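Subject: Handover of a protein structure

Dear colleague,

Please find below the structure that I am passing on to you. A written account of what was found in it follows directly after.

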Amino acid sequence: MTRTGPLAAARVLVAGVGNVLRGDDGFGVRAAEALARDPRLPRHVKVIETGIGGMSLVQELMEPSERLILLDAVDRGEVPGRVFVLEPELPDLAHLSLHQRRDWFADTHYATPLRALALAAAVATLPAVVRIVGCQPARTDRFEIGLDPRVEAALPEAVARVLELVARRSGGSAPTP
């Protein structure tokens, strides 16, 4: 799933991550789908869905982007359905030996967004501005398709947060949710 128009030189990449077969872990994928259908989405914003395979995110970042916004379920122990914006903190791998770094990146799927971001940073393709629009999941511990109703209800707010982040940086006024 990709929605793009003619891309400006300073594009914004939005990636929905997660596993739709694990309940609320699919929030990021569902939010990216909703965002891609939104008529307010500017043409310089590219929306992709990476699922749990972070390599596709790293490959997409080989084409320069000004900013990256991830949509994801993030468990912070809060009320399910709460939406928040985070700035990720990448691990400092400088203290690791070459062998230890290789082992850290050995998962070829980079199933966690943090590993994919760390790899993108290591190969100098990570944009200077990275944000996560996260949602507190109710459950991700069993195989099931579909979001908890509280998490499902948070999809419009997540879309609005992404549009606000895009508008704020591009100098436009923030869209109304």
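I begin with Glu33, which is partly exposed, with a relative accessible area of 24%. Here, buried means under 20% relative accessible area, exposed means over 50%, and partly exposed is in between, with a 1.4 Å probe and protein chains only. The side chain of Glu33 meets that of Arg30 in a salt bridge, at 3.0 Å from N to O. A salt bridge is a side-chain nitrogen of Lys or Arg within 4 Å of a carboxyl oxygen of Asp or Glu. Arg30 is likewise classed as partly exposed, at 30% relative accessibility. Both residues belong to helix H1 (residues 27-37) and stand three residues apart, about one turn of the helix. In general, an α-helix has 3.6 residues a turn, so residues three or four places apart point the same way.

Before going further, I should state the basis of the account. This is a predicted model, in which local features need pLDDT of at least 70 and side-chain atom pairs count only at pLDDT 80 or more, while totals for chains, interfaces and linings use all residues. Residues are numbered from 1 along each chain as its sequence is written, and side-chain values use heavy atoms, with hydrogens and water left out.

Overall organisation

The protein contains six helices and five strands. Helices (H or I, at least four residues) and strands (E, at least two) are DSSP runs, numbered from the N terminus. Along the sequence, their order is β-α-β-α-β-β-α-α-β-α-α. The protein has 177 residues, of which 46% count as buried. Its exposed surface is about 9,000 Å², with 54% of it supplied by carbon and sulfur atoms; these areas come from the Shrake-Rupley method with a 1.4 Å probe, and for residues only the protein chains shown count as cover. Among contacts (heavy atoms within 4.5 Å) with a separation of 6 or more, 80% join residues 24 or more positions apart.

Helix H1 and strand E3

Helix H1 is mostly covered, as eight of its eleven residues are buried. Among them are Phe27, Gly28 and Val29. Two of these, Phe27 and Gly28, also touch residues in strand E3, as described next.

Asp72 lies in strand E3 (residues 67-73). Which side chain of opposite charge is nearest to Asp72? It is Arg22, 12 Å away, and Asp72 is buried yet has no salt bridge. For this purpose Lys and Arg count as positive and Asp and Glu as negative, while His and the chain ends are not counted. Neighbours within four places in sequence aside, the contacts of Asp72 include Val17, Phe27, Gly28, Pro113 and Cys135.

Ala73 is also placed in strand E3, and it is buried, with a relative accessible area of 14%. Its C-alpha lies 6.8 Å from that of Asp24, although the two are 49 residues apart in sequence. With neighbours within four places left aside, Ala73 is in contact with Asp24, Asp25, Phe27, Gly28, Cys135 and Pro137.

Charged pairs

The structure holds 14 salt bridges. In one of them, Asp38 pairs with Arg40, the closest N and O atoms being 2.8 Å apart. Asp38 counts as buried at 11% relative accessibility, whereas Arg40 is partly exposed at 35%. In another, Glu144 pairs with Arg142, at 3.4 Å between the closest N and O atoms. Arg142 is partly exposed, with a relative accessible area of 45%. These two residues belong to a network of salt bridges that links Arg139, Arg142, Glu144, Asp148 and Arg150.

Rings and charges

Phe143 is located in the loop between strand E5 (129-135) and helix H5 (149-152). Is Phe143 buried or exposed? Phe143 is exposed, with a relative accessible area of 67%. The charged end of Arg22 sits over its ring, 4.6 Å from the centre; this requires NZ of Lys or CZ of Arg within 6 Å of the ring centre and within 35 degrees of the ring normal. Apart from neighbours within four places in sequence, Phe143 is in contact with Leu21 and Arg22. Phe143 and Val20 are 9.0 Å apart from C-alpha to C-alpha, and 123 residues apart in sequence. Elsewhere, Arg76 lies over the face of Phe84, at 4.4 Å from the ring centre.

Yours sincerely
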